[in-house]
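Here is a walk through the sheets, helix packing and salt bridges of one model. Have the structure open beside you as you read.

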Amino acid sequence: MQQILLGAVSLGLLWSIMTLGVYISYRVLDVADLTVEGSITLGAAVCARMIVAGNNPYLALGLAFLAGLGAGLVTGLLHTKLRIPALLSGILTMIALYSVNLRVMGMANVSMLRMTTAYTLIGRLLGVDKTVSVIILGGVMALFIVAVLYWFFGTEVGSAIRATGNNPYMVRAQGVNTDTTIIIGLMLANGLVSLAGGLIAQSQNYADVQMGTGAIVIGLASLIIGEVLFGKRNFFSRLLSMLFGAITYRVIIALVLRLGMPADDLKLFTAITVALALSLPRFKDLRDTLRASLGGRRRHA
Amino acid sequence: MLEISGLSKVFNPGTINEKLALDDISLHLKPGDFVTVIGGNGAGKSTLLNCVAGVYRQERGSITLDGQRIDRLSEHRRARYLGRVFQDPLMGTAADMEIQENLALALRRGKVRSLRWGVTGKEKQGFHQQLASLGLGLEERMSVKVRLLSGGQRQALTLLMAILNAPKLLLLDEHTAALDPKTARKVLELSEQFISGLGLTCMMVTHNMRDAIAYGNRLIMMSQGRIILDVNGGDKKKLTVEELIQMFSTKSGEEVMSDRMLLG
């Protein structure tokens, strides 16, 4: 059981970096960006290709991040310069990335078994096992990224990006090119998602062209769990809550699998969870209306 | 100062809904002019302001500000010269950001945004003083999210943001129309204070004829995309609402102005 929980925490930390990316597009920019389904695989594909060729696994992660920036740039340009709706822009890039990812990997599935990954290096250096080294690297990177994002969104450029998600009219009236802020935001979001893809692929020792399917839903589930359970007092705690949300999601999944839910039903389970969580405000409205009408009847009686 | 010549704007050209919103408008503003713009619904008042601001591109004509052609600049590039307040109090501010963050965004209008900190401590002190000048107590709530402010407070904040780095031209687009009468009065008085205090050049669209007469040194009346009346200085001061109505019906050939103009 403890091994299962540790495994869930380690996986959650890696996925939390992806969740931070989703947070930037979905919450900060207010764009549902489906590019992530392709860019998470892109990061995995880049890392697999690099590592199989015998390159440094950290260099591979850096390259995965850069590739993700590129994917975000494409979606951003489609959306802002060609005026294609954001949702469709993301879908177009996602579909295009499927072919790109196959080309990067050369096949649908690349194994990194018994090769030097970012984790084997840490394991060798500190003399810890795989799960612990995943937790160390994932934790350090996630916290580092939270710190960098907190700083970035406090800068002049970062403030302009936050305002764009809030009110693009106002931002243009204050002299900011909203095309640029949207593009920067989408690049950063997909860079992080792609980096997470690289970290995940290295931890499971393979990259698969299908691994991005449903990633956006997992990201949203983690995001909502984080917001609901771990508060949203200020920007820093919001970012941190993404980490806790992603870990909690993985722990929940590990538990329901342990309780006997078939793994094939996982995506259905996740989709239902997200649908329920997203409709939570609506249920609250309904409850309030019910309460008000019931209360009203009692008064009249 | 502002030189508009031969400006025309057509919406939905070539379709059954084609509408000539601005019809060969020419207008010259001197530095320090405070022009009130009145006219019925669909007269082209807001379209004129939006063409100057770059929200719309004109079909014909040119707009020159301080000797520089601005009509080919994109909206965000023109913004450095302009301060704008909109009719909808929600339009001018970012709701999920703090009062001081909104002001800091406005303070950087027309400047290059870099990776320097978004709001500095020194700026906050300045904001404290400037907010105090609004007389709404907002200076004690600088880190409150704008979402929590009332419509009037948000509009006053938008006004402060618009004049923060003394724009060459202030565009007020019915900025008090969505407020209750008392708040509208307060925001109008603040506008007047800032405009005369800083010597700003301003175009103010309004539905309210009394306000159009009471404020500013020049009044223009629009109908069907054209300027049908242009009254200056002393003549403007002597205007009455009755005279305006009279002039409107003779000049435009329309019987009455909209109810909003008469009652507002």
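## Helix contacts in chain A

In chain A, helix H10(A) brings Val217(A), Ile218(A), Leu220(A), Ala221(A) and Ile224(A) up against Thr270(A), Ala271(A), Val274(A), Ala277(A) and Leu278(A) of H12(A). Sorted by class, that contact has 9 nonpolar residues, 1 polar residue and no charged ones. Keep in mind that this is a predicted model.

To find the two helices, look for residues 215-230 for H10(A) and residues 266-278 for H12(A). Their axes come within 9 Å and cross at roughly 45°. An angle between 35 and 65 degrees is neither roughly parallel nor roughly perpendicular, so H10(A) and H12(A) count as oblique to each other. Which hand does the crossing of H10(A) and H12(A) have? The crossing is left-handed.

## A salt bridge in chain A

Over all chains, a search of the whole structure turns up 19 salt bridges. One of them pairs Asp179(A) with Arg83(A), and the closest N and O atoms are 4.0 Å apart. Where do the two partners, Asp179(A) and Arg83(A), sit in the chain? Asp179(A) belongs to helix H9 of chain A (residues 178-204), while Arg83(A) is in the loop between helix H3 (57-80) and helix H4 (86-105) of chain A. With 96 residues separating them, the pair links distant parts of the chain.

## Two sheets in chain B

Now over to chain B and its sheets. One is an open sheet of 4 strands with antiparallel pairing, in the order S2-S1-S4-S5 (chain B). Strand S2 (19-29) and strand S5 (68-69) of chain B are its edge strands, each pairing on one side only. Strand S1 of chain B (residues 2-11) is joined to S2(B) by 7 bridges, and the two run antiparallel. If you want a spot to zoom in on, Val10(B) stands opposite Leu20(B) in S2(B).

There is also an open sheet of 6 strands, this one with mixed pairing, in the order S6-S7-S8-S3-S9-S10 (chain B). Why do strand S6 (82-85) and strand S10 (226-232) of chain B each have one side without a neighbour in the sheet? They stand at the edges with a single partner strand each, so one side is left free of a neighbour. On average, and ignoring direction, neighbouring strands of this sheet are turned by 15° against each other.

Within this sheet, strand S7 (residues 169-173) and strand S8 (residues 201-205) of chain B run parallel and are joined by 5 bridges. Here Leu170(B) stands opposite Cys202(B) in S8(B).

## Helices on the sheets

Helix H1 of chain B (residues 45-53) lies across S1, S2 and strand S4 (60-65) of chain B, at about 115° to S1(B). H1(B) also lies across strand S3 (34-39), S6, S7, S8 and strand S9 (218-223) of chain B, running at about 145° to S7(B). As for H5(B), this helix lies across S6 and S7 of chain B, at about 175° to S6(B).

## Helix pairs around H5(B)

H5(B) packs with two helices described here, H3(B) and H6(B).

| Helix pair | Axis distance | Angle |
|---|---|---|
| H3(B) (residues 99-107) and H5(B) (residues 151-163) | within 8 Å | roughly 30° |
| H5(B) and H6(B) (residues 181-198) | 10 Å | about 10° |

Angles under 35 degrees count as roughly parallel, so that label fits H3(B) with H5(B), and likewise H5(B) with H6(B). H3(B) passes H5(B) in a right-handed crossing.

On the H3(B) side, Ile99(B), Asn102(B), Leu103(B) and Ala106(B) meet Leu157(B), Leu160(B) and Met161(B) of H5(B). By class, this contact has 6 nonpolar residues, 1 polar and no charged ones.

Towards H6(B), H5(B) uses Gly152(B), Gln155(B), Ala156(B), Leu159(B), Leu160(B) and Ile163(B). Their partners in H6(B) are Thr183(B), Val187(B), Leu190(B), Ser191(B), Phe194(B) and Leu198(B). The class count for H5(B) with H6(B) is 8 nonpolar, 4 polar and no charged residues.

Definitions and conventions
Residues are numbered from 1 along each chain as its sequence is written. Chains are lettered from A and ligands numbered from 1 in the order in which they are written. This is a predicted model: local features need pLDDT of at least 70, side-chain atom pairs count only at pLDDT 80 or more; totals for chains, interfaces and linings use all residues. Side-chain values use heavy atoms; hydrogens and water are left out. Two strands pair if DSSP finds at least two bridges between them. Contact means heavy atoms within 4.5 Å. Axes are lines fitted to C-alpha atoms, for helices over the stretch in contact, and angles run from 0 to 180 degrees between N-to-C directions. Angles under 35 degrees count as roughly parallel, over 145 as roughly antiparallel, 65 to 115 as roughly perpendicular and the rest as oblique. A crossing is left-handed if the near helix is turned anticlockwise from the far one by less than a right angle, and right-handed if clockwise. Ala, Val, Leu, Ile, Met, Phe, Trp, Tyr, Cys and Pro count as nonpolar, Asp, Glu, Lys and Arg as charged, and the others, Gly among them, as polar. A salt bridge is a side-chain nitrogen of Lys or Arg within 4 Å of a carboxyl oxygen of Asp or Glu.
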